[in-house]
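Please work through the exercises below with the sequence and the structure open side by side. Each task is followed by a solution that goes step by step.

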Amino acid sequence: MTEGAALETEPEVAEALFGSRIDLARQYTTSLARRGEELGLIGPLEVPRLWTRHIVNCALVAPLLRPGVVGDIGSGAGLPGLVLAIARPDVDFVLIEPMERRAEWLRAESNRLGLENVTVDRSRSQDAPYAEGLTQLTARAVTALSKLIPATDHLLAPGGEMVFMKGARIDEEIEAASKAIRKARLRNVESIVLGEGITPEITRVFRARVD
Ligand SMILES: C[S@@+](CC[C@H](N)C(=O)[O-])C[C@H]1O[C@@H](n2cnc3c(N)ncnc32)[C@H](O)[C@@H]1O
């Protein structure tokens, strides 16, 4: 058994989320558990709860993605970008991360895992031009919606979607971002809860569409 598998607390949930890609998810988890703290990617308290709080929590977003190119803003350790790229080999991912050491980790990990659907762009979202536009954007723990929306809306193609993971105060954040939401002309704004009754670490998502 790998260290990643040893950290798994809900094997049946993991298999439902990752299917035949479960071994890749285990390899990534093992690697993050071994090297994440030393590389400053995760705090020491996160290792024992890596699987539930981070891997499963991110993988719950996978069913919301559609074929196309997803930009993951501020991927850091690869959360949610690498987890989603493992769960959804039918979707292409651009991991947009400005910090050199983190971008290096993301490149090395995606190569090691053989993820052909991942490219890494070492830049800030504000400086990352995608002429054809991205289909969807994901982000987790980057910044408040009131700042994240104006820093990312230019990256989306018409009809593209923001799918941002948020904490328990999501509704307050949406309220505080009302001006940014109007300015970016976001439509179908909603807050979604994923994983209820499946895992203790539910995931909250802000989803909205651009015209
Ligand atoms: C707190 S970490 C979260 C990392 C990861 N998403 C997670 O959930 O563990 C925030 C990350 O956002 C990145 N970041 C900050 N500002 C950014 C920007 N303007 N564009 C893209 N990434 C940014 C940081 O370099 C950092 O890796």
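**Exercise 1: The sheet and its β3 edge**

Leu95 stands opposite Val120, a residue of β3. The model is a predicted one, and this pair is the starting point for the first exercise.

Task: Establish how β2 and β3 are joined, where β3 stands in the sheet, and which residues of β3 are buried.

Solution. Begin with the pairing: strand β2, residues 92-96, is joined to β3 by four bridges, and the two strands run parallel. Next, follow the chain between them, where helix α6 (residues 100-112) completes a right-handed β-α-β unit with β2 and β3. Then widen the view to the open sheet of seven strands, whose order is β3-β2-β1-β4-β5-β7-β6 and whose pairing is mixed. The edges are formed by β3 (118-121) and β6 (187-194), each of which pairs on one side only. On average, and with direction ignored, neighbouring strands of this sheet are turned by 20 degrees against each other.

Now consider the side chains of β3. In a regular strand the side chains alternate between the two faces of the sheet. In β3, Val118 and Val120 point to one face and are buried, whereas Thr119 and Asp121 point to the other and are not. For Thr119 the count is 15 C-beta neighbours inside 10 Å, and because a residue needs 20 or more to be buried and 12 or fewer to be exposed, Thr119 counts as partly exposed. The C-alpha atom of Thr119 is separated by 9.7 Å from that of Gly71, although the two residues are 48 residues apart along the chain.

**Exercise 2: The β6 edge**

Task: Determine how β6 pairs with β7, and decide whether β6 is largely buried or in the open.

Solution. First, the pairing of β6 with strand β7 (residues 203-209) is antiparallel and extends over six bridges. Two positions let you trace the register: Glu190 has Arg207 of β7 as its bridge partner, and Leu194 stands opposite Thr203. Second, count the buried residues: among the eight residues of β6 the number is zero, so the strand lies largely in the open. Asn188, which lies in β6, is exposed, with 8 other C-beta atoms within 10 Å, and its phi is near 50 degrees, a positive value in a residue other than glycine.

Finally, look at what meets the end of this pairing. Leu60, in the loop between α4 (50-59) and β1 (69-73), touches Leu194, Gly195 and Thr203, when residues up to four places away in sequence are left out. Leu60 is itself buried, with 26 other C-beta atoms within 10 Å.

**Exercise 3: Loops and the ligand**

Task: Find which peptide bond is cis, describe the backbone and exposure of Ala141, and characterise the residues around the ligand.

Solution. Start with the loop between β1 and α5 (81-87), which holds Pro80; the bond that joins Leu79 and Pro80 is a cis peptide, with omega about 0 degrees. Move on to the loop between β4 (134-140) and α7 (145-152), where Ala141 is placed. Phi of Ala141 is near 60 degrees, which is positive although the residue is not glycine, and Ala141 counts as exposed, with 11 C-beta neighbours inside 10 Å. Last, turn to the ligand: of the 18 residues around it, Gly74, Gly76, Arg124, Ser125 and Arg140 come nearest. Sorted by class, the shell contains nine nonpolar, five polar and four charged residues.

Note on methods. Residues are numbered from 1 along each chain as its sequence is written. This is a predicted model: local features need pLDDT of at least 70, side-chain atom pairs count only at pLDDT 80 or more; totals for chains, interfaces and linings use all residues. A residue is near a molecule or strand if its C-beta atom, placed from the backbone, lies within 6 Å of it. Ala, Val, Leu, Ile, Met, Phe, Trp, Tyr, Cys and Pro count as nonpolar, Asp, Glu, Lys and Arg as charged, and the others, Gly among them, as polar. Two strands pair if DSSP finds at least two bridges between them. Axes are lines fitted to C-alpha atoms, for helices over the stretch in contact, and angles run from 0 to 180 degrees between N-to-C directions. A crossover is right-handed if, with the strands pointing away from the viewer, the path from the first strand over the helix to the second runs clockwise. Two residues are in contact if their C-beta atoms, placed from the backbone, lie within 7 Å.
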